[in-house]
Amino acid sequence: MSDLPTPNGQAEGGEALATLPVSGMYENYFLDYASYVILERAVPMLEDGLKPVQRRILHAMKEMDDGRFHKVANIIGQTMQYHPHGDAAIGDALVNLGQKDLLIETQGNWGDVRTGDSAAAPRYIEARLSKFALEVSFNRKITQWQTSYDGRKQEPLALPVKFPLVLAQGVEGIAVGLSTKIMPHNFIELCQASIAVLKGKRTQLIPDFPTGGTIDASNYNGGERGGKIRVRARIETRDKSTLLIKDIPYGTTTSSLIDSILKANDKGKIKIKKVVDNTAQEVEIEIELAPGVSPDVTIDALYAFTDCEASISPNACVIIDEKPHFLTVDEILRLSTAHTKGLLRQELEIVLAELKEKLLFSSLEKIFIENRIYHDIEEAESWEEVLATIDRGLEPFKPQFYREITQDDIIRLTEIRIKRISKYNSFQADELIRKLEAEIAETEHHLAHLTEYAIDYFQRLIDKYGKGRERRTAIVTFDTIEATQVAIANEKLYVNRKEGFVGYGLKKDEYVCDCSDLDDIIVFRADGKYTVTRVQEKAFVGKNIIHVDVWHKGNERKIYHAVYRDPTSGNNYIKRFAVTAITRDRDYDVTNGNEGTKLLYFEVHPNSESEVITVQLTPGCRAKKKVFDYDFGELAIKGRNSQGNVLTKYPVKKITQKAIGSATLGGRKIWYDPIVGRLNTDERGQFLGEFDTDDSILVLYKDGSYEQTNFELTNRYDPQKVLSVEKFSPETVITAVHYEGKNKDYYVKRFQVETSTLDKVFSFISDANGSKLVLASTKPHPFIAYDVTVKGKDKETIELDLSTFIDVKGWKANGNKLDRRKVSRIRAIDRKPGTLHTGDTIEWSGDEIKHDDKGQAELF
């Protein structure tokens, strides 16, 4: 029976009750609760990047691990031995981990973060630890343990994770008085950044989201409090009345995005007819516009008034030494990298100690057997005398061991079986000892060069687990570029013409072009059929392919020329047509579709160029003129379904191309956007000019090379490598200042492009080791300033008009030496022609463009 209080303050048993002061009780309880929520529920620990429930799930899965999948219900039950909360909380955390696709391999319906669909019941889905998790997250020998909440089990204080896991997965948690919100980052970029930290370099991490889309991280502020990022959906225009949302912003779902679009329509912010969610393997939300509504205006409105653009405020907070700390993601990376380096040291030290013990006992065993010490114990009358006899036999050899020989070592020698002694192989023993010594030397080398070992470790992670983890979220500046204008060339398209396969997985077959995994491709076959399909790893599109290329909807300038014979009428038809709109994965006819129709000639012109063909008729036909020319420029460009005009009613033996003419649609105005490295006709970036059929683009690269390309809008130029992109003119003079690695001097050269091969890179500086381009220009009068050392001490600044310094020579020429004296600094300056003479000495006060030690050149 419990003691109940009585009116006089005593229990029924007569004992006095303790009095508890109410003052301060709320404050103490609140602080205890707040600390518990912060440390035990909401905020991840820096050491392993996990919240307690996540850590307990992974530990439970490791305890269960047998290489096979386990029911999630069983994993939840196993985790409840360590986690004091309900099964629902554990299940939600487990699904969240599985959807991140890093530590856990899943099987079954685990839901979809893009659509917001929830996972199936725990009894229906399965999971196991990924190979990556097994490699980087567990090592019992270096794990610190604590007693579980009920005292029955041991659980890790923190898992020995050798990777910046909290930055890779991202985390969000709300505690009492504070919150944390760390964005997910790219796996490969994190490893590369850790390598940079180990090399003493600065890093700048940008989030990467599994939902793709685009991000403007100009105000990211390292993920610290006060920063902000903007993320956008990727929207494409199918036609004048239809928009497609291909990627959604991080933190939204297709359902919530559609709801926001409908609300904006109800409020009159946008005008649409309907929204259809076609999301399957890839996200696709189709928006049908109201009549007369501009697609471009609607796209801007979607970003302004719906969840197609979202603003996220990061707040990086982690637990360090049982206290919350607010840090930047780069500081978290630096601390995590240092922690990983420490864990690698601990593992190496354990391995080294184990190897030394193996070597010690192998050496003891060799001495014990080869010196027949076991014979000396035959006359020993007691156990102590046996141990003493063996110890005396080992005495001469003790100085060669790294530690003292203990009684336990001697006891192990007495446990060697007679069978092993009788079959002891001295040669094999020596081989084992040499192998152990080599492993010890290697381990000691790794410990002595721990930084290099850690760098190799992160590089191995990239090589082993980096495939398929490339950046999904394009980094852009929203003030200058829209999300629909971003498409990364992350695949190469190949074709097997005979067997009829196309895709980016056919790496042993014919290379076609670079493409995006979001591109459509158009395929023409010898039977006169053509189709458009999405780029895939490998797709069958029909045998005997005659043409394949990336297809862009609405491209009216790419014109197809064809000649075909119709067996029904006996006529040969000629046609020019464009393919501007089409239904995917449906066969269309170049011909009129009659049975037995044969395609005689086919050619593609990207800029509506005309051409002249020579037609040879069969010798036995009745035509008076059996060879004649035909100019496609006289033929109107019609729709893809047109039959064409009659070329001849007589049988054709052969058709050959005689000449290519100019563009029949006039010059094409082209702009270059240096932010994304793409050509466009949308007036974004630098205007390059009007392009006709024979025109080309000149590209200067920072490594001291140039290239001529066509002006297809599918061309991509890496902004990190490109120095300039401009319309090519045979009269253009390129001026370059370069460092010659062999002579260790700076040279100036001026040359014109003499090559005519497109899509081939030509280097115009020396290939000697250490050679690099410093400055380059296509201006008529480029000016530079440089410093020279005079009399070994004083510095003098010289200005030069390079157009008067050296004449135009061949592109392979080395050029003239800039100065016989020691040149210490070179930069471009802005001067008008005729304002100075070659060799003038000036006092420098202008802006500088310095040469980069990494060999990166500057344009001036």
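## Asp247 and its surroundings

Asp247 sits in strand S11, which covers residues 242-247; strands here are DSSP runs of E with at least two residues, helices are runs of H or I with at least four, and both are numbered from the N terminus. This is a predicted model, where local features need pLDDT of at least 70 and side-chain atom pairs count only at pLDDT 80 or more, while totals for chains, interfaces and linings use all residues. Residues are numbered from 1 along each chain as its sequence is written, and side-chain values use heavy atoms, with hydrogens and water left out.

Is Asp247 buried or exposed? Asp247 is buried, at 15% relative accessible area (buried is under 20%, exposed over 50%, partly exposed in between, using a 1.4 Å probe and protein chains only). Setting aside residues up to four places away in sequence, Asp247 touches Thr211, Gly212, Gly213, Ala233, Arg234 and Val283, where contact means heavy atoms within 4.5 Å. There's also a long-range relationship: Arg114 is 133 residues away along the chain, and its C-alpha is 8.9 Å from that of Asp247.

## Asp794, for contrast

Another aspartate, Asp794, belongs to strand S45 (residues 794-801). Asp794 counts as exposed, with 53% relative accessibility. Once neighbours within four places in sequence are ignored, Asp794 is in contact with Val788 and Thr789.

## Two pieces of sheet

Strands S14, S9, S8 and S17 make an open sheet in that order, with mixed pairing; two strands pair if DSSP finds at least two bridges between them. S14 (309-312) and S17 (474-475) are the edge strands, each with a single partner, so one side of each has no neighbour in the sheet. S9 (residues 229-232) runs antiparallel to S14, and four bridges join them. Within S14, Ala310 is the residue opposite Val231.

Now for strand S34 (residues 668-673): five of its six residues are buried, so the strand is largely enclosed by the rest of the structure. S34 is joined to S36 (residues 686-691) by five bridges, running antiparallel, and Trp671 has Phe687 as its bridge partner there. S34 also pairs with S35 (residues 678-680), again antiparallel, over three bridges. In that pairing, Asp673 is matched with Arg678.

## Helix H4

H4 takes in residues 87-99, 13 in total, and reaches 18 Å from first C-alpha to last, close to the 18 Å expected at 1.5 Å a residue (that is, 1.5 Å times one less than the number of residues). Its buried residues are Ile90, Gly91, Ala93, Leu94, Val95, Leu97 and Gly98.

What do the buried residues of H4 pack against? Their partners are helices H2 (52-64), H3 (72-79) and H6 (165-169), plus strand S2 (104-107). Just past the end of H4, Asp101 adopts a positive phi of about 55°.

## Cavities and cysteines

Six cavities of 30 Å³ or more turn up in a search of the whole structure. A cavity is a set of points, on a 1 Å grid over the protein atoms alone, where a 1.4 Å probe fits but cannot get out, and lining residues have an atom within 4 Å of a point. The largest cavity holds about 80 Å³, volume being the space filled by probe spheres set on points that are joined across faces, edges and corners. Its lining includes His59, Phe138, Arg140 and Trp145, and H2 gives the most, with three residues.

As for cysteines, the structure has zero disulfides, a disulfide being a pair of cysteine sulfur atoms within 2.5 Å. Cys317 is buried at 0% relative accessible area, and Cys621 is buried at 10%.

Note on methods:
1 Å grid on protein atoms, 1.4 Å probe; cavity = no way out; pocket = protein on both sides within 12 Å on 5 of 7 lines; lining within 4 Å.
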